[in-house]
Amino acid sequence: RRHEASRRAHEPAVTRDGTAVLVGVNVGSAADATAGLGADLAGLVRTEFGFLDRADAPDVDEQEAAYRALAEAMGGRRITLRTLDVGGDKPLDYLPMPAEANPFLGVRGIRLALTRPQLLADQLRAIVRVAHDHPVDVMFPMVAGVDELAAARRALDDAVDAVGRGRPEGLRVGIMVEVPAAALKAAAFAPDVDFFSIGTNDLTQYTLAAERGNDAVAGIADALDPGVLALIAATADGAGDDVLVAVCGELAGDEHAAALLIGLGVRELSVAPGSVATVKQAVRDVDLATARDLAAAALACPDAAAVRALLR
Ligand code: PEP
Ligand code: MG
């Protein structure tokens with residue numbers, strides 16, 4: 001089975017009954033793009049990697065070079081560049097932040113970017129330059145409200161003006177859905193995005209009030225909790241027919257969860273480089289009607305253990 005999966009890694013992933021599901025690679029370093037062989041796109045580029053372990057922020061030219069190299073490594077496939085996602089829990093020496101009692105509930109993701117307009121402006125400028133030559137998505141992290149998306153979109157428009165070559169044709173805009181309220185308000189965001197990408201790592205931590213990475217509550221922070229699944233379903237409901245729904249959190253890389261996610265309305269899974277082939281193969285085993293039944297049954301489960309039992 002594993003052999004079959006890797007033999008077919010470069011083929012598109014299509015369900016038994018003909019629904020195409022994109023399988024992307026999550027990129028956290030320049031090397032990941034080449035490691036994600038067979039991926040249809042880079043569905044999440046964690047641009048933080050270009051900002052860590054340095055004395056100052058990379059300038060526009062440096063960022064452009066890094067994103068261009070990634071786009072070239074992906075050889076014409078789309079890259080989804082997530083704007084800088086740092087905050088209280090992931091401090092940068094050159095970005096002094098006031099101490100926060102609850103950094104995960106504080107100034108992180110898009111909240112931080114909007115308080116550092118020059119940092120965001122530089123990054124968006126680099127992204128727009130590359131988007132003139134390659135298919136590029138820009139994605140904003142940790143969005144909670146439509147006002148944040150509007151402000152981020154204004155910053156993007158300003159970057160387009162600053163680069164001065166018009167709006168890049170293939171440039172698409174999306175948000176990460178990782179705050180429960182954003183999932184519930186998906187319909188309010190939908191008119192202003194091309195895609196939603198659900199970050200199940202943070203969405204799980206916020207839904208269950210259980211910090212990711214805290215071993216003492218790891219059993220509670222389970223992405224298969226029916227409460228988390230309900231928020232994925234709500235996102236897909238709010239997205240309607242015109243907005244693509246992706247999952248780029250770790251749940252997307254669980255081959256046993258593929259049918260469930262597809263049944264909930266997800267049409268793109270972005271995963272760690274090592275999981276691309278197996279997730280594509282899992283998609284090929286799905287038929288949509290069965291997947292929808294599975295999703296309905298999972299939503300009716302009392303807990304994650306019951307969902308897991310259903311998936312086996
Ligand atoms: C997530 O939260 O699920 C996600 C993909 O983003 P990160 O893990 O980088 O916070
Ligand atoms: Mg996240």
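Reader: How many bridges join β1 to β8, and which way do these strands run?
Author: This is a predicted model, so let's read the pairing off it as it stands. One pair to look at is Val25 and its bridge partner in β8, Val271. β1 and β8 run parallel, and the number of bridges joining them is four.

Reader: In what order do the eight strands close into a barrel?
Author: The pairing is parallel, and the twist from one strand to the next averages 25°. Going round the barrel, the order is β1-β2-β3-β4-β5-β6-β7-β8.

Reader: Which strands does helix α10 touch, and what angle does its direction make with that of β6?
Author: α10 covers residues 226–239 and packs on the sheet. The strands it touches are β5 (172–177), β6 (195–198) and β7 (244–247). Set against the direction of β6, that of α10 makes about 175°.

Reader: What about β2 and β3: how many bridges join them, and which residue stands opposite Arg46?
Author: These two strands run parallel as well, with three bridges joining them. Look across from Arg46 into β3 and you find Arg82.

Reader: Are the faces of β3 covered or open, and which residues sit on each?
Author: Take the strand, residues 79–82, one side at a time. Ile79 and Leu81 lie on one side, and Thr80 and Arg82 lie on the other. All four are buried, so the word for both faces is covered.

Reader: Which residues surround ligand 1?
Author: Start with the elements that give two or more residues to the shell: they are β2 (41–46) and α9 (200–207). By kind, the shell divides into two nonpolar, four polar and four charged residues. The names are Leu44, Arg46, Asp85, Glu178, Gly199, Thr200, Asn201, Asp202, Cys248 and Gly249.

Reader: Which element gives the most to that shell?
Author: Thr200, Asn201 and Asp202 are all in the shell around ligand 1. The top contributor gives three residues, and it is α9.

Reader: How many residues of α9 are buried, and what covers them?
Author: The buried ones are Thr200, Asp202, Leu203, Thr204, Gln205, Tyr206 and Thr207. That makes α9 mostly covered, with seven of its eight residues buried. The cover includes β5, α7 (180–184), β6, α10 and β7.

Reader: Why does Ala209 count as exposed, and what is its phi?
Author: Ala209 is found in the loop between α9 and α10. Exposed means 12 or fewer other C-beta atoms within 10 Å, and Ala209 has 9, so the label fits. Its phi is positive, in a residue other than glycine, and the value is near 50°.

Reader: Where is Asp53, is it buried or exposed, and what is its phi?
Author: Asp53 has its place in the loop between β2 and α3. With 8 C-beta neighbours inside 10 Å, Asp53 counts as exposed. Here too a residue other than glycine takes a positive phi, near 55°.

Reader: How exposed is Ala57, and which residues does it touch?
Author: Ala57 sits in the loop between β2 and α3 (60–73). It has 18 C-beta neighbours inside 10 Å, while a buried residue needs 20 or more, so Ala57 counts as partly exposed. Leaving out residues up to four places away in sequence, its contacts are Phe51, Tyr94 and Leu119.

Reader: How far apart are Ala57 and Ala230 in space?
Author: Along the sequence they are 173 residues apart. From C-alpha to C-alpha, the distance is 39 Å.

Reader: Why is helix α12 largely enclosed, and what does it pack against?
Author: Eight of the nine residues of α12 (276–284) are buried, so the rest of the structure largely encloses it. Those buried are Val276, Ala277, Thr278, Val279, Lys280, Gln281, Ala282 and Val283. They pack against α1 (2–7), β1 (22–27), α11 (258–263) and β8 (268–271).

Reader: What radius of gyration does the chain have, against the value for a compact globule?
Author: The chain has 14 helices and eight strands, and 46% of its 312 residues count as buried. Its C-alpha atoms fill a box of roughly 50 × 45 × 35 Å along the principal axes. A compact globule with 312 residues would come out near 20 Å, and the chain agrees with that, at 19 Å.

Reader: What share of the contacts between residues at least 6 apart joins residues at least 24 apart?
Author: This one is about separation in sequence within the chain. The share is 69%.

Note on methods
Residues numbered from 1 in each chain as written. Chains lettered and ligands numbered in written order. Predicted model: local features only at pLDDT ≥ 70, side-chain atom pairs only at ≥ 80, totals over all residues. Contact = placed C-beta atoms within 7 Å. Rg over C-alpha atoms; globule rule 2.2 N^0.38 Å. Near = placed C-beta within 6 Å. Nonpolar A, V, L, I, M, F, W, Y, C, P; charged D, E, K, R; others polar. Pairing = 2+ DSSP bridges. Axes fitted to C-alpha atoms, helices over the stretch in contact; angles between N-to-C directions.
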